[in-house]
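Colleague: Could you take me through the second largest pocket of this model, beginning with the chain that surrounds it?

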Amino acid sequence: MSNSQRRGFLAAVTLATALAVAGAPAASATAKPKIKVSGGLTQPVFSYQDAIREHVRVQSTVDSDGDGKKDLVRVDIIRPKESGSGLKVPVIMHESPYYDNPGVGFEIEKKKYDANGNVTKFPMYYDNYFVPRGYAFVSVDMIGTRLSDGCPASYGASDVLGGKAVVDWLNGRATAFDDKGDPVKATWTTGRTGMIGHSYEGALGVGVAGTGVAGLETIVPLAAYTSGYENGHVNGVLTWFKGGARWQSEHVDKDPAAKCEALRRRMDAESGDDTGNYNAYWHERDYRTGPISKARNVHASVFAVMGMQDRNVIGSQFSQWWAELPRTVERKAWVTQYGHLDPFWARRDVWLTTLNKWFDHELMGVRNDIMQRPRVDVQHGPGRWITQDAWPAPAARATTLRPQQDGSLGRKPSPGTGGYLDIAQTEIAMATDPATPNRHRLAFLTPPLKNAVRLSGTPSVSLRLKLDKPTANLGALLVDYGTDTRINHRERGAASGEGLKIIGGEDCVGESTADDDGCYFKAVDNTATSGFNVVTRAILDAQNHKSLSRQTPLTPDKSYQITWSMLPQDYEFKAGHRLGLVLTGTNDDFNLDESGSGSGTDVEPGTGAKVTVELTGTSISLPLVNGKSIR
């Protein structure tokens, strides 16, 4: 559907649902509530306490546990009471693997049920906030989790197709059953559905959208995976412990282990953790160009949020998928300096208003200004946000900088060589004291900047090098050297993490009941003043320099030109600061253990190889705004 067709259809939906504009006289004192709009936003006029609560099991097209029966997907529903007597409402859908373990959101919430099996407590705020505004909220247990049949497949086809079946049911194309086994139709909905979720949940929305399923009108992926491979690998380097896919499947599934053991054995055999290569197993889990879900098949609009300092979901998960979406897809994004974060915790008031407008526009057909505003919000530091019409910044231009023999970073090629040993180090250790000789890294810095310079997009690094072994883990850091107060995305504690810290008190959003109060702790930016900040990084197993699908060991003492992408970023280097390029080996911050912490040093301990870098053929290419000011 073209944008002009979408606008025409949304206008028709607007008329059909007879949205009541603020200030219009009521028909009578006892008239049932109608959807009400004021200032371009739906208003909370429906009773949350009196809402209809029910559940169904939707028949999917897959049999993930091999029991000979199609998996049934548990769907918990809450919708305005008036939708039982003629009012048709759109759906906000939250599909999650986490309802059993570990729980949903930063407060680790789980569902509560009444004696009839209906949910009385939904995790997160979506029900509290949006049901009073005239939406149905649909909470879906991902296949293999909580009360759904089947086995969780760690981003595999069944994960995606279970959610697709629910969208099909909401649009009259699939069958659902009640507890008695009787068929149930979703006669109360317009069928217009939006999916929202964080991390794995967001990946499910991306995956379902990539099937092209009709009726899914918008998705809001928050720090969402778009590639299962990049969940535990970066350019051939294993960044999560071996067997991570199996662990993830087991972690979210509380059924007896034997039920899904056959699937998990296939995961162990097919995932290829011993090599780190991209293969058919990972291609199935690729939502950009894979066989089940493709970015080019997305027709739903997209409102994406990505933290560029996220270690669990690296920035390329957003940037590569974003670039491959059809140009006709309506889109919006927030690009931040946080880690693995849902913006509800970071910028709550702005987030709720923006999300409200987005869903109203996309699902209700409300004519508001959401698409007239700049499409992208970019965070450059604590309390520092800018807006622009696209991402990356259209004004960014490639600027090539080259390491110099004297340790500087400049424009012209320089003769000379340098070397280091590939060992596992943290990024802090790599970047500290760049002027001090270190046998495990090379560091090069620009002169102090005369003017501020902005990085926006995906840098790349090109090394001319020799190894004394068939491979090494190659690493590069782009560092901002200069004292500043920044988002502290590295600290993780009982009251802090991912760039935020908890403060006293709660915010209550939407309506409440005794079981579900819709109240959540308050958080603010966690900041730290430091002398440098690692802006972005690049990681590569050298023997994957030709292909992620096969290894080509290097001939020792032979020169190779190896070029690959760094992770994307949007960042401002302030005047007086210096850009630094640090060349190094294994990045220990990406050796993740089961908790997602950078402490699994047995994952990639380093090869011990000596890396000799020829400066003449080595450079970094940066997409910069105002890059000409660097001399």
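**The second largest pocket and its setting**

Modeller: The chain has ten helices and 34 strands, where helices (H or I, at least four residues) and strands (E, at least two) are DSSP runs numbered from the N terminus. This is a predicted model, in which local features need pLDDT of at least 70 and side-chain atom pairs count only at pLDDT 80 or more, while totals for chains, interfaces and linings use all residues. Residues are numbered from 1 along each chain as its sequence is written, and side-chain values use heavy atoms, with hydrogens and water left out.

Of the 631 residues in the chain, 59% are buried, meaning under 20% relative accessible area with a 1.4 Å probe, protein chains only.

As for the pocket itself, the second largest one holds about 380 Å³ of space; a pocket here is an open set of points on a 1 Å grid over the protein atoms alone, where a 1.4 Å probe fits, with protein on both sides within 12 Å along at least five of seven lines, and its volume is the space filled by probe spheres set on the points. It is lined by 22 residues, of which Glu230, Asn235, Arg288, Gln320 and Leu548 are the closest to its centre, a lining residue being one with an atom within 4 Å of a point. At least two lining residues come from each of β14 (233-234), α8 (316-324), β30 (527-541) and β31 (560-565). Sorted by class, the lining of this pocket comprises ten nonpolar, eight polar and four charged residues, with Ala, Val, Leu, Ile, Met, Phe, Trp, Tyr, Cys and Pro counted as nonpolar, Asp, Glu, Lys and Arg as charged, and the others, Gly among them, as polar.

Conventions
Buried < 20%, exposed > 50% of the residue type's maximum accessible area, 1.4 Å probe, protein only.
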